[in-house]
Amino acid sequence: MSATPALTEPPRTAASLSRTALWLILGLVLLADALDMIDSTVTNIAAPTIVNDIGGGASLIKWLGSAYALAMGVLLVIGGRLGDKYGQRRLFLIGMAGFTAASAVAGLSPDPALLVVARAVQGAFGALMIPQGMAILTKTFPRDMLRKAFQLFGPLLGLASVGGPVLAGFVIDADFGGLSWRPVFLINLALGVLGLFAATRLLPKDDGDRGTSVDGWGAGLLAVTMFGLMFGLIEGSTYGWSALSLGSLAVGVVFLALFVRRQRTAAEPLIKPTLLRNKGFTSGLFVGLLYFAVTSGLTYVISLFLQQGLHASPGDTALGMLPLTLGIIVAAFAGMALAAKLGRTLILIGMLLTLAGAGWLLALVLASGLSVGLWALAPAVFLTGLGMGACFGTIFDIALGDIDPDEAGSASGSLTAIQQLANGIGSATVTTVYFHFLPGGSTHAMTISLIVVLATTAACLPALRLLPRKAQEGAGHH
């Protein structure tokens, strides 16, 4: 069954594409999402090796993940609107091409400054690419296939988010061609070219709706807000709380107020004010922000502790993180079966497992310090992964449980953007805590970091009762 004839017209319904073509489109969208997830997490393991090679110290370690997540989170919602305006196919191709080129620059960067800029550009083009996939699937897939397609996202993205760093560890240890860490980014050249070729052949053409309004002012205010807060946090914690870092934080707060005001007055705001009056949605926003931030930071500091504290090689660190990957995959698959029955209770179970795993890690670090072995840590790391896997796909599905259908696009886009911003904030904040206490030794730094993770996760628990009890039926709102 060839889908080629169908690709000469702008299909709006599943009827104009064969099922084979639809599954190939799903594969392409999953490839794009996997590229994003791998690149958002790959520096977890690569960071110490990169710093040893080109310098940059603790500041570079914090910016490597944060620059990517910051650009991605700020531009995600506007990326979706640009796809509506100019056509999803066009924006997907632009995003994939820019992401691939920025990956090449990252892999060839001779100094920390260029690498951080390349990471931010990767995130920006990723924000143009990622929202188009969901929109294309929603437009072209029949409802029964759409549900099956969305069920694949949680496990695959969970695998990519921790599998990426695991792969990075082995790649760095292998030292292909004496390139050390650089193939971690350069591999995107092959995947990106493959994605571009597939996208030009597979994606249905659409011209978009030029009448769609894009709130550039809102996105700009959000960008200055997040950059001000992140720059102030990272620079202040690394180099001392100077006038520059404190001023940057102040600018972030001022622009946050301007952003909130803009959302109330804009004709087409990035986040609809009615959504913020929805108790279930705002609770999901709060829980998602805290939980994704703290788990993103936790994976980073586990990697730092293994490499800097226990002096594990990148490959051994990858093996040490493998139980986390397995836990996420197992829980994500189980969650697919249990989500409809348990609803928000599944999130509670996931958070309690996260608390148990992080608490177990804390007990091991306190008892054994730097003499703890990777195998001794494995069960606690696995338990933490189970908790993360149970929550990852479920928090936002439940948060969208009582959203009006006409608000679903805005709500889903807002939650995805919050997840990316949380990843940036979390990796910056928890690593900041780790490095702040590192002069007292790796054991002390890890102990305080784990206490922060436990306290933040526990702070999410009271908000869970405000979430909708169940996800919406149908899953088409993604």
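Ile 61, Leu 64 and Gly 65 of helix H3 are in contact with Tyr 300, Leu 304 and Gln 308 of helix H11. By class, the residues of this H3–H11 contact are four nonpolar, two polar and no charged. The structure is a predicted model. H3 covers residues 57-86 and H11 covers residues 279-309; their axes come within 13 Å and cross at roughly 145°. The crossing of H3 and H11 is right-handed.

**Gln 307 and Leu 324**

Helix H11 also holds Gln 307. Gln 307 has a relative accessibility of 9%, and because buried means under 20%, Gln 307 counts as buried. Leaving aside residues up to four places away in sequence, Gln 307 touches Asn 44, Ile 45, Pro 48, Thr 49, Ala 312, Pro 314 and Thr 317.

Leu 324 lies in helix H12, which runs over residues 314-342. With a relative accessibility of 1%, Leu 324 is counted as buried too. Leu 324 and Met 230 are 94 residues apart along the chain, and their C-alpha atoms are separated by 27 Å.

The table sets out the two buried residues.

| Residue | Relative accessibility |
|---|---|
| Gln 307 | 9% |
| Leu 324 | 1% |

**Nonpolar cores**

The largest nonpolar core contains 128 residues, and Ile 50, Met 351 and Ile 395 have the most contacts inside it. H11 supplies the largest share of this core, with 14 residues. Helix H11 therefore appears both in the contact with H3 and as the largest contributor to the core.

For Ile 395, the residues touched, not counting those up to four places away in sequence, are Gly 284, Val 287, Gly 288, Tyr 291, Phe 292, Ile 347 and Met 351. Met 351 in this list is also one of the residues with the most contacts inside the largest core. A second core, separate from the largest, has five residues, among them Leu 346, Leu 383, Leu 386 and Ala 390.

**Helix H4**

Helix H4 takes in residues 88-108, which is 21 residues. At 1.5 Å a residue, H4 should span 30 Å, and its end C-alpha atoms are 30 Å apart, so the expected span and the distance in the model agree. H4 is mostly covered, with 15 of its 21 residues buried.

Definitions and conventions: Residues are numbered from 1 along each chain as its sequence is written. This is a predicted model: local features need pLDDT of at least 70, side-chain atom pairs count only at pLDDT 80 or more; totals for chains, interfaces and linings use all residues. Side-chain values use heavy atoms; hydrogens and water are left out. Axes are lines fitted to C-alpha atoms, for helices over the stretch in contact, and angles run from 0 to 180 degrees between N-to-C directions. Helices (H or I, at least four residues) and strands (E, at least two) are DSSP runs, numbered from the N terminus. A crossing is left-handed if the near helix is turned anticlockwise from the far one by less than a right angle, and right-handed if clockwise. Contact means heavy atoms within 4.5 Å. Ala, Val, Leu, Ile, Met, Phe, Trp, Tyr, Cys and Pro count as nonpolar, Asp, Glu, Lys and Arg as charged, and the others, Gly among them, as polar. Buried means under 20% relative accessible area, exposed over 50%, partly exposed in between (1.4 Å probe, protein chains only). A nonpolar core is a set of buried Ala, Val, Leu, Ile, Met, Phe, Trp, Tyr and Cys residues joined through side-chain atoms within 4.5 Å. The expected span of a helix is 1.5 Å times one less than its number of residues.
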